[in-house]
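Open the model in your viewer and get ready to select a few residues by number. We will go from stop to stop, and at each one you can check what is there.

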Amino acid sequence: MGSIKKLIVLCGFFLFIIFPLFSQNQASAVSLAAEIFRLETIASGSAANSPVASRQDRRDAFMALARLHLLSGDRQAALSAYEGALALFPNDGRALLEHGRSLISVGEYERAYAAIRILLSGEPERALLIQGRHLSAQLEAFRSGNTQYLAALAIDPDFAEFHSGIYYTLWRLTGLASYQARLAAEFPRSPEAGIAAGTVSLAATPLWLLFPGRDSIVLSPPTPIPAAEAPPAAAPAGRFLQAGLFGREANARGFADQLRRAGFEPRIIQRTADRWAVGVNSGADVNAMLRRLREAGFEAFPVN
């Protein structure tokens, strides 16, 4: 009888305690659209039949909304949400940092730089200050080709958590084998080291490792170079495999010459006013061309 009583007690515990909690968890699952609508309602301050949301609640809703938009792939909507948060708190460090990253993801480099400058000109907490300085250095290196600031962070212990990505970026932008060697020696198990060694496939964009928030980074659509230097109309078939990205046209041409001397037919594409991509067409077999480039000492990435 004692065992039966214990069983009854346990069943009662499940029915009155555990089952309601389980049911509550099941009921808490909502669709992405419903959650976005809920957050938009709070962010706008127009929630019906409820107290008016505070500025802080609205800011938090905007930030959560931006993250959901990033997860669903809508970068422009995420950008608008970060701007909504900054309209409420113009000097919010976290919002400024994420706003900068979001601007980078849509190719708005100058506006991103301005957002990071505002962050760094204030008095952000230490973690945000370090992230802001790192993002600023990466952006400057990519935007102008000036890697001096980023190289300084490569020997600063405050930025140790970013060193693998910094070494990789410096190697890609400068071509110096010393950075690749440091990457392999100090971070042999990092994804950056794997990519540099050719044992890990890189995402479709070379920017994947250049900035924090790498999951939201995409290349802007390529802008053809002037007609006098455009590739022939009968360009080889296949995808464009980008092997280098340069802030100076002369450097892009020099790299193209290296590819040509190695037996490839390079192409130069001007992506922005001050950014030139260099690569080759893959032909019918993308993997075969990637292997051929790698064997010749070039790392390349398929770009849509």
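Start by selecting Ile118, which is found in helix H6. Keep in mind throughout that this is a predicted model. Is Ile118 buried, partly exposed or exposed? Its relative accessibility is 39%, so Ile118 counts as partly exposed, since that class lies between 20% and 50%.

Now show what surrounds Ile118. Leaving aside neighbours within four places in sequence, Ile118 is in contact with Asn91 and Leu96. Next, select Gly132 as well and draw a distance between the two C-alpha atoms. Ile118 and Gly132 are 14 residues apart in sequence, and the C-alpha to C-alpha distance is 9.9 Å.

**A link between two helices**

Stay with helix H6 and select Arg111, then add Glu83. The side chains of these two residues meet in a salt bridge, with 2.9 Å from N to O. Why is this pair worth a stop? Glu83 lies in helix H4 (residues 75–88) and Arg111 in helix H6 (residues 109–121), so the salt bridge ties together parts that are 28 residues apart in sequence. Glu83 is partly exposed, at 31% relative accessibility, and Arg111 is also partly exposed, at 39%.

**A link within one helix**

For a contrast, select Arg182 and Glu186. Here too there is a salt bridge, the closest N and O atoms being 3.8 Å apart. Both residues lie in helix H10 (residues 177–186), and they are four residues apart, about one turn of the helix. Arg182 has a relative accessibility of 29% and counts as partly exposed; Glu186, at 43%, is partly exposed too.

Another group to select is Arg59, Asp60 and Asp92, which are joined into one network by salt bridges that share partners. Zoom in on Arg59 and Asp60: their side chains meet at 3.0 Å, N to O. Which of these two is buried? It is Arg59, with a relative accessible area of 14%, whereas Asp60 counts as partly exposed at 33%. In total, the structure holds 11 salt bridges, so you can hunt for others once the tour is over.

**Along helix H3**

Now select residues 55–71, which make up helix H3. This helix has 17 residues and reaches 25 Å from its first C-alpha to its last, close to the 24 Å expected at 1.5 Å a residue. Colour its buried residues, among them Phe62, Met63, Leu65 and Leu68. What do the buried residues of H3 pack against? Show helix H2 (32–44), H4 and helix H5 (93–105), and you will see those partners. Just after H3, look at Gly73, which takes a positive phi of about 90°.

**Helix H9 and its cover**

Move on to helix H9, residues 163–174. Its 12 residues should span 16 Å at 1.5 Å a residue, and the end C-alpha atoms are 16 Å apart, which agrees. How many of the 12 residues of H9 are buried? Nine are, so this helix is mostly covered. Including Tyr167, Tyr168 and Trp171, the buried residues of H9 are good ones to show as sticks. Their cover includes helix H7 (126–144), helix H8 (148–153), H10, helix H11 (191–197) and strand S4 (301–303). Just after H9 comes Gly175, with a positive phi of about 80°.

**The largest pocket**

Keep Gly175 selected, as it takes you to the last local stop. The largest pocket holds about 450 Å³ of space. Of the 22 residues that line this pocket, the closest to its centre are Arg172, Thr174, Gly175, Phe246 and Phe255. Helix H9, strand S1 (240–246) and helix H12 (249–261) each give two or more residues to the lining. Try colouring the lining by residue type: eight are nonpolar, 10 polar and four charged.

**Zooming out**

Finally, show the whole chain as a cartoon. You should find 13 helices and four strands. Of the 304 residues in the chain, 42% are buried. Among contacts with a separation of 6 or more, 58% are between residues 24 or more positions apart.

Terms used
Residues numbered from 1 in each chain as written. Predicted model: local features only at pLDDT ≥ 70, side-chain atom pairs only at ≥ 80, totals over all residues. Heavy atoms only, no water. 1 Å grid on protein atoms, 1.4 Å probe; cavity = no way out; pocket = protein on both sides within 12 Å on 5 of 7 lines; lining within 4 Å. Points joined across faces, edges and corners; volume = space filled by probe spheres on them. Nonpolar A, V, L, I, M, F, W, Y, C, P; charged D, E, K, R; others polar. Salt bridge = Lys/Arg side-chain N within 4 Å of Asp/Glu carboxyl O. Buried < 20%, exposed > 50% of the residue type's maximum accessible area, 1.4 Å probe, protein only. Expected span 1.5 Å × (residues − 1). Contact = heavy atoms within 4.5 Å.
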